Amino acid sequence: MEELLLETISIIDAPAHVNETVKIGVWLTDKRSSGKIAFLQLRDGTAFFQGVVLKNEVSETVFNTAKRLRQETSFWVTGEIHEDSRSKFGYEIQVAEIEIIGESEDYPITPKDHGVDFLMDHRHLWLRSSRPHAVLTIRNEVIRATYEFFNQEGFTKIDAPILTGSAPEGTTDLFHTEYFDHDAYLSQSGQLYEEAGAMAFGKVFSFGPTFRAEKSKTRRHLIEFWMIEPEMAFMYQEESLAVQEKYVAFLIRNVIDHCQSSLETLGRDPKVLEKYTKTPYPRISYDRAIEMLNEGGMNITWGTDFGSPEETYLADQFEQPVFILNYPKAIKAFYMKPHPTRDDVVICADLLAPEGYGEIIGGSERATDYNYLLEQIKKAGLDPAEYSWYLDLRKYGSVPHSGFGLGLERALTWITGEDHVREAIPFPRLLNRIYP
RNA sequence: UGCCCCGUAGUUCAGUGGUAGAAUAGUUGACUGUUAAUCAAAGGGUCGUAGGUUCGAAUCCUACCGGGGCAGCCA
């Protein structure tokens, strides 16, 4: 009779079931026991809390089973939920019954220190640990908030292809593959396709994986990463910057509001993030940035691109993310709109995250003139025939339009306060890692 | 790709020319509120691989393999 009343719940919902007897499917993360009491550290994917087994309250079989449980054994636990300030979660379950589902022997990730390589070799198991779980919970919130934001702003999601026949930007290394009897490449950007989308739907965005075969081995690089690329017709640079800062602030706001426990697990102070919800973000020109760097003793000449030390120095001068506007034409992509009164710069902006996390957004107003664009394509050493469809966008009703790309993992690394982008994706693809 | 650093017990590391070590995990036992629990016991090794120097190499040299950090490139 009582069996029928038993409700199966998730740990996260425990506060709503205080003093009720419930059943939860769990894994054991850790265990401490003495002669007459055992503490079982439990997780079920939604949260972590502990079960208390009192020898006097349960059968000898249950108590012995509890003492015999090993790390990552899965089982059904039945018991009464209690509020208890001695427990970190604030609630715990007083165990009455344990029903083992799957045994676990010699689980490799112990509660002690491990190196990065070892943990990455066991990434498929490491995901169960509290820190990766917290980062990926925030990743999910950022993805959710991204869809909410662009939906409420009137954007249409237009998916860009992953297999392409040519190099969109032509500069960086691409992954080569075969497309029947033709060459094909994995996408390194969906932007050009989004421009076509913007001419059909007005405001569009893509959100998908991106591949760069660069031999980069730094904390800011992944071989495979996810990018959000909005593109907006009838939009000039200033309005695009307003969308960008509104979007980034929206992401931060939602993470603060919906991911408190994950932020706490990571030791990321919400008060620090709170500063990034205030807009507008400061804007400085590339020219001014060069001046600031030289005033700071960095000795950099106009025309060079910023490296990581320069980006960090500039970002450190501000309390919020900062836009760097209008870079030299020579160091930027062919499709950017030339400045109306200066021949040496283009209408673009990079958004630098604070705290040394570097560039998280790159964006620009796009070139609209057919002949200018054709010339730029040739100058970049690209084959105009490959870009014929892209040039068509300037041939049939060209309009001013702007867009940008946000690197999901870079933004997440910053938001979560992690020190490497590999932490911000479930299964990172790195220079020397494609397993697991 | 360049520069720097690291490969020793399941894991994290010490040992820098003379018998292979610690902590922790796992195992066994004790303990009624533990939070990296504590206490006790026994077990656990092709010192990354190959070659060289030496009476003797984990230790010195060379090459290779694997990894980390930084830089370039980029999001």
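## A guided tour from Gln191 to RNA strand B

Select Gln191 first: leaving aside residues up to four places away in sequence, this residue touches Glu229, Glu231, Tyr335, Arg366 and Tyr390, where contact means heavy atoms within 4.5 Å. The model is a predicted one, in which local features need pLDDT of at least 70 and side-chain atom pairs count only at pLDDT 80 or more, while totals for chains, interfaces and linings use all residues. Residues are numbered from 1 along each chain as its sequence is written, chains are lettered from A and ligands numbered from 1 in the order in which they are written, and side-chain values use heavy atoms, with hydrogens and water left out.

**Around Gln191**

Gln191 lies in helix H6 (residues 191-201); helices (H or I, at least four residues) and strands (E, at least two) are DSSP runs, numbered from the N terminus. Is Gln191 buried or exposed? Gln191 is buried, with a relative accessible area of 6%, on a scale where buried means under 20%, exposed over 50% and partly exposed in between (1.4 Å probe, protein chains only). Show its side chain together with that of Glu195, and you will find a polar contact of 2.8 Å between the two; such a contact is a pair of N or O atoms within 3.5 Å, and within protein one must be able to donate a hydrogen and the other to accept it, with residues adjacent in sequence counting only if both atoms are side-chain atoms.

**Helix H13**

Tyr390, one of the residues that Gln191 touches, leads to helix H13 (residues 388-395), whose buried residues are Tyr390, Leu391, Leu393 and Arg394. These cover an arc of only 140° around the axis, which puts them on the same side of H13; the arc is that of the directions from the helix axis to the C-beta atoms. Among the elements covering them are H6, helix H12 (370-379) and E17. Just after H13, select Gly397, which takes a positive phi of about 75°.

**The sheet of eight strands**

Now colour the strands of the open sheet that runs in the order E7-E11-E12-E17-E16-E15-E14-E13, with mixed pairing; two strands pair if DSSP finds at least two bridges between them. Strand E7 (156-157) and strand E13 (283-285) stand at the edges with a single partner strand each, so one side of each has no neighbour in the sheet. Which strand is largely enclosed by the rest of the structure? Eight of the ten residues of E12 are buried, so E12 is the strand to look at. On one pairing, nine bridges join E12 to strand E11 (residues 203-211) in antiparallel fashion, and Phe207 has Ile228 as its bridge partner in E12. E12 also pairs in the antiparallel sense with strand E17 (residues 401-407), over five bridges, and there Glu231 is matched with Gly403.

**Helix H2**

Move next to helix H2 (residues 60-68), where Val62, Phe63, Thr65 and Ala66 are the buried residues. Looking down the axis of H2, you will see that its buried residues fall within an arc of 160°, so they line one face of the helix. The face turned away from that buried side carries the exposed residues Glu60, Thr61 and Arg68. The cover over the buried residues includes E2, E3, strand E4 (48-54) and strand E6 (91-102).

**RNA strand B**

Finally, display the residues around RNA strand B, of which there are 51, with Arg32, Gln50, Asn56, Arg219 and Arg410 coming nearest; a residue is near a molecule or strand if one of its heavy atoms lies within 4 Å of it. This surface divides into eight nonpolar, 19 polar and 24 charged residues, where Ala, Val, Leu, Ile, Met, Phe, Trp, Tyr, Cys and Pro count as nonpolar, Asp, Glu, Lys and Arg as charged, and the others, Gly among them, as polar. Which element gives the most to the surface near RNA strand B? E16 does, with four residues. Of the RNA atoms within 4 Å of the protein, 48% belong to sugar or phosphate and the rest to bases. For close views, select Arg86, which has a backbone N or O atom 2.8 Å from a base oxygen of RNA strand B, and then Lys217, where the corresponding distance to a base oxygen is 3.4 Å. End at Arg422, where an N or O atom in the side chain is 3.1 Å from a phosphate oxygen of RNA strand B.
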